[in-house]
Amino acid sequence: MSYGSTRYFKNPYNNDGAAEVSQELFKARTLTCVDHILKNLPPTHENCDGGLYVGISGVAYTLYYLVKCGLFPGHNERFLTAAKNYIVVALDYCRRRNKRPQDQVSFLLENGGVYVIACLIFHKLQDYQKRDQYLDEYRHLAAYCEPLSFLDNGSDEIFVGRAGYLFGVLLLQRDLSIEILPEEKVNLLCLTTLESGRKFRSKLKFDGSIPLMYAYHGALYLGSAHGIAGILQAILSFPNFLNADANSAKAVKSSVDYLLDQCFRNGNVASDLDAALNPGRERMLVHWCHGAAGVIYTFARAYLVFGKDERYLNACRELAETVWQKGLLRKGPGICHGVAGSGYVFLLMYRLTGEQKYLYQAERFGGFMFTEKFSEGARTPDSPLSLFEGLAGTACFLNDLMQPTKAEFPLLDVFVD
């Protein structure tokens, strides 16, 4: 097993210490990130591609989130104006692209996520006519998620599939406090996701007790971005569905337990099933997209849903320790495969346990991104100002350091009711 020391900086900090989150310092750092984004990323069609993941609609979400959290009241008008400017251009880009309806479903890469953020921003601006217009657009996409295989390369994961669409429903329900889809429609999408996993699992020839499995572009990913961990987290976020369907609940729990019992080794989970079942082929990553910094949310959600089973919390502790040791990633400051994404792990653990150790660790990672060592040794991401790869996600993390009891990984809140 190899993590590759070139992937991360050696952690220079003590493992445990007193958390000293300076509101003044982290407010200034957050504003520095935002001002740099607003100055260098204009709201143009050229900057729209990549949806919430790396496009300007993700930046619009960051601005909305900062306003919603309320730590920058003197900047609310400026942030909301900029958010509206970004999302209006992103919506126009969606219209002009004229993608197939089934491709528009995509939460992180295409129209679906843009509609979600448009709803949130127009709601905050009290433009309820526009909010309802894009709510209808998002609701209409649900029908395209209903066929078992509505996409050629995988219909279930977070980026483009049903799990992502369901996360959009959750975000809208929580922030707008209105019904987005009837419960029977939500249950149908959850059930279809599980049926898809059962059907694909039945085609696999290996001795394993896992009842569900999924493929994306032919790979049996285990992580959050494209794999079963993210899909399970989405289904676990609908406890009413699980409570009403014992067979589905059993399939989900058995799948989580398989990840824990068969794929969890040395404080991490391999990026795909082949690597997990063949230790010599392990490619261990410590990212949100693949590895410890993402899979931890699935175990955390399972801990909250399945009676606070200590096995899941213990797994979270081990994953967090791996992130502490190997999570100062050289790929940049982002939340997908960067230091802010690693830092969010400790904010998650702080919310789960209340232990000051984790707030201290989150603060250390937040501070490391502003050191000379990081500036000189980190790589520049392809989209350095974006939500998932760059400073927009960093701004969310820095904001959440100042409100750790409410901190949430962007768009995918594990504590949602």
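Contact, as the word is used here, means heavy atoms within 4.5 Å. Take tyrosine 165: setting aside its neighbours within four places in sequence, tyrosine 165 is in contact with Val105, Phe107, Tyr138, Arg139, Leu141, Ala142, Cys145, Leu181 and Leu189.

Some housekeeping. This is a predicted model, where local features need pLDDT of at least 70 and side-chain atom pairs count only at pLDDT 80 or more, while totals for chains, interfaces and linings use all residues. Residues are numbered from 1 along each chain as its sequence is written, and side-chain values use heavy atoms, with hydrogens and water left out.

**The core**

Tyr165 turns up again in the largest nonpolar core, which has 167 residues. A nonpolar core here is a set of buried Ala, Val, Leu, Ile, Met, Phe, Trp, Tyr and Cys residues joined through side-chain atoms within 4.5 Å. Buried means under 20% relative accessible area, exposed means over 50%, and partly exposed is in between (1.4 Å probe, protein chains only). The residues with the most contacts inside this core are Ile117, Tyr165, Trp288, Phe299, Phe388 and Leu411. Helix α4 (residues 76–97) gives the most to the core, with eleven residues. Helices (H or I, at least four residues) and strands (E, at least two) are DSSP runs, numbered from the N terminus.

**Two helix pairs**

Two packed helices are described by the angle between their axes and the distance between the axes. Axes are lines fitted to C-alpha atoms, for helices over the stretch in contact, and angles run from 0 to 180 degrees between N-to-C directions.

Start with helix α3 (residues 56–69) and helix α6 (residues 111–124), whose axes come within 10 Å and cross at roughly 35 degrees. On the α3 side, Ser57, Ala60, Tyr61, Tyr64, Val67 and Lys68 do the meeting; on the α6 side, Val114, Ile117, Leu120, Ile121 and Lys124 do. By class, that contact has eight nonpolar, one polar and two charged residues. For the classes, Ala, Val, Leu, Ile, Met, Phe, Trp, Tyr, Cys and Pro count as nonpolar, Asp, Glu, Lys and Arg as charged, and the others, Gly among them, as polar.

Now for helix α14 (residues 292–305) and helix α16 (residues 339–353): their axes also come within 10 Å, and cross at roughly 15 degrees. That makes α14 roughly parallel to α16, since angles under 35 degrees count as roughly parallel, over 145 as roughly antiparallel, 65 to 115 as roughly perpendicular and the rest as oblique. Ala293, Ile296, Tyr297, Ala300, Tyr303 and Leu304 in α14 meet Gly341, Tyr344, Val345, Leu348, Met349 and Leu352 in α16. This contact has eleven nonpolar, one polar and no charged residues.

**Out towards solvent**

Lysine 27 sits in helix α1 (residues 23–40) and is partly exposed, with a relative accessible area of 30%. Lysine 27 and leucine 401 are 374 residues apart in sequence, yet 9.8 Å apart in space, C-alpha to C-alpha. Leaving aside neighbours within four places in sequence, lysine 27 is in contact with Leu71, Phe72 and Met402.

Alanine 246, in helix α12 (residues 246–263), is exposed at 61% relative accessible area. Its C-alpha atom is separated by 30 Å from that of tryptophan 288, 42 residues apart along the chain.

Finally, here are two loop residues with positive phi that are not glycine.

| Residue | Phi | Loop | Relative accessibility |
|---|---|---|---|
| Histidine 217 | near 50 degrees | between α9 (183–203) and α10 (228–236) | 51%, exposed |
| Asparagine 266 | about 55 degrees | between β1 (264–265) and β2 (268–269) | 56%, exposed |
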